[in-house]
Every structure is written in C-alpha cells, then in structure tokens.
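This report describes one protein model for a reader who has the sequence and the 3D view at hand. Please keep both open while reading.

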Amino acid sequence: LTWTLKNVAPGARGVITFTVYVDAGVSAVAGVTNSASYTVKNGPTVTTNTVKVPVKTGSLSVSKTVSGTQTNREFTLTLTELTGKLNGSYALTGSTQSAVTFTGGVAELAIKHGETLTVTGLPVGVTVRVTETVPAGYTATYAPANTVTVAEGSNAVLVTVTNTYKAAPTDDINTMLGVRKTLVSPVALSPKTFYFTAQPVK
C-alpha cells in the first residue's frame, strides 16, 4: 500500500493508522508481519522496524448425539472452510487424535455418540460448514445450524449433530404365512371355504 500526502506544512506532525483484514489463508501460527517506509520530498527512504501481529484465534466444537437402538458406531464429519484457503494442522481435543489437518479448506473427523470434538487455533472470522456422511437408516440434523463463523475467545462455537436411527420396514414378498383351520363338530360337515384377512401390526 502506498499513500502520497500533499501540501504538508513544514514541521507538521501526524499519525497514519490502518486496519488489515486477513483471510483463512494466513496461518494463525505465523501471524502477520509488517513494516513501513517513508520518503520526505527527495530525501532518503526510511524503513521502520518490522512488527509481527498475531492473528486472533477461536475454536469450533462439534458434538454428537445418536438416538435409537444403533448408537455404538462411528460417524464421519467433514469440515469445509468456505473460501478453501485454510491449510495446516490444528489442535484437536476430545478425540484419540491430537490434531486435525485442513487441506484446501477441508478436513475430516471421526466421532461417536456422546463425544464432543474441539478444533482450536482457527483464525477468527473463518466460516466452516459441518456435514456428515449419513449411514443408511439414520437421519441427521444440525443445531443451531451446520454453517458457523469462528469467533474470538475461549468459548468455542458449537454445532450439535443429532442422528436418529430407524430401521427400514421389511417388505419381503417371499415371506409366507401359514394358517391351519380346525373344525370341531359332533356331526359331519360338508366342505366349506373360509376366508382370513391378515393386517400388519404397527
């Protein structure tokens, strides 16, 4: 960035300030370094010292709740940073893994019922979408939403993924139902046809 200040009176003093917004492509570990140079009229160019400014960070937590009879299984979550610029490894708690790696803005997590996984050190302001590979027989809902923005501070933004298991109905046309009819009578009966109605029990 270059600014040209015109019509500055001799001996005048002032301060120039500016704010830089970084995207997900900036490493929270490396931070942002900057320096400035200035030239007065035809004088020499003077460069200031280089200053390193840390990138503000926050955390993302994902919790898992499974209802139904099939709760003891592992689910795969995909975290997608929407600009696709987030890369590198970030600390992970609540899992047997100690870190999760984003490549091109995408990372995967394995999670089970009752677990809460937290990714720390994410740059503040990045937006992450949480999606799941939903196994057959399950539904998935996300609360408060599956797309959230990381905020500064120790309180992680939370996405709760709830799965409900419901076994698919069995419609097997090859299933046979056998019925035997027995008549008890003191006198002989002539042959007769009886009809039965079978109804499913819900």
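Two salt bridges are found in this structure, which is a predicted model. One of them pairs Glu 152 with Lys 56, and their closest N and O atoms are 3.8 Å apart. Glu 152 sits in the loop between β13 and β14 (157–165), while Lys 56 sits in the loop between β4 (51–53) and β5 (57–67), so this pair ties together parts that are 96 residues apart in sequence. Both Glu 152 and Lys 56 are exposed.

The other salt bridge is formed by Glu 132 and Lys 64, with 2.3 Å between the closest N and O atoms. Glu 132 belongs to strand β11 (residues 127–132) and Lys 64 to strand β5, so the pair ties together parts that are 68 residues apart in sequence. Are these two residues buried or exposed? Glu 132 has a relative accessible area of 11%, and it counts as buried because the cut-off for that class is under 20%. Lys 64 is buried too, at a relative accessible area of 2%.

**Strands and burial**

How many helices and strands does the protein have? There are zero helices and 14 strands. Read along the sequence, the pattern is therefore β-β-β-β-β-β-β-β-β-β-β-β-β-β. The protein has 202 residues, and 21% of them count as buried. Lys 64, in strand β5, is one of the buried residues.

**Residues apart in sequence**

Some pairs of residues can be described by two values: how far apart they are along the chain, and how far apart their C-alpha atoms are in space. The table lists three such pairs.

| Pair | Separation along the chain | C-alpha distance |
|---|---|---|
| Gly 153 and Gly 58 | 95 residues | 5.6 Å |
| Lys 64 and Val 159 | 95 residues | 8.9 Å |
| Leu 82 and Gly 105 | 23 residues | 7.0 Å |

Gly 153 is found in the loop between β13 and β14, the loop that also holds Glu 152 of the salt bridge with Lys 56. With a relative accessibility of 36%, Gly 153 counts as partly exposed. Lys 64, which appears in the table with Val 159, is also the partner of Glu 132 in a salt bridge. Leu 82 is placed in the loop between β6 (74–81) and β7 (88–93). The relative accessible area of Leu 82 is 42%, and this residue is partly exposed.

**The largest pocket**

The largest pocket holds about 1100 Å³ of space. Its lining is made up of 28 residues. Which residues lie nearest the centre of the largest pocket? They are Leu 5, Ile 16, Tyr 38, Thr 39 and Val 40. Strand β2 (residues 37–39) gives the most to the lining, with three residues. Sorted by class, the lining has 14 nonpolar, eleven polar and three charged residues.

**A nonpolar surface patch**

Trp 3, Leu 5, Val 8 and Ile 16 make a nonpolar surface patch of about 450 Å². Leu 5 and Ile 16 are thus named in the patch and also among the residues nearest the centre of the largest pocket. Where does Trp 3 lie? Trp 3 is in the segment before β1 (32–34). At 48% relative accessibility, Trp 3 counts as partly exposed, because exposed would require over 50%.

**A cis peptide bond**

Ala 143 and Pro 144 are joined by a cis peptide bond, with omega at about 0°. Pro 144 lies in the loop between β12 (138–143) and β13 (147–149).

**Looking back**

The two salt bridges can be set side by side. In one, Glu 152 and Lys 56 are both exposed. In the other, Glu 132 is buried at 11% relative accessible area, and Lys 64 is buried at 2%. The pair of Glu 152 and Lys 56 lies in loops, whereas Glu 132 and Lys 64 lie in strands.

How values were computed: Residues numbered from 1 in each chain as written. Predicted model: local features only at pLDDT ≥ 70, side-chain atom pairs only at ≥ 80, totals over all residues. Heavy atoms only, no water. 1 Å grid on protein atoms, 1.4 Å probe; cavity = no way out; pocket = protein on both sides within 12 Å on 5 of 7 lines; lining within 4 Å. Points joined across faces, edges and corners; volume = space filled by probe spheres on them. Helix = DSSP H or I, 4+ residues; strand = E, 2+ residues; numbered from the N terminus. Nonpolar A, V, L, I, M, F, W, Y, C, P; charged D, E, K, R; others polar. Patch = residues over 30% accessible without salt bridge, like charges linked within 9 Å, V, L, I, M, F, W, Y side chains within 5 Å. Areas by Shrake-Rupley, 256 points an atom, 1.4 Å probe, with all protein chains shown as cover. Salt bridge = Lys/Arg side-chain N within 4 Å of Asp/Glu carboxyl O. Buried < 20%, exposed > 50% of the residue type's maximum accessible area, 1.4 Å probe, protein only.
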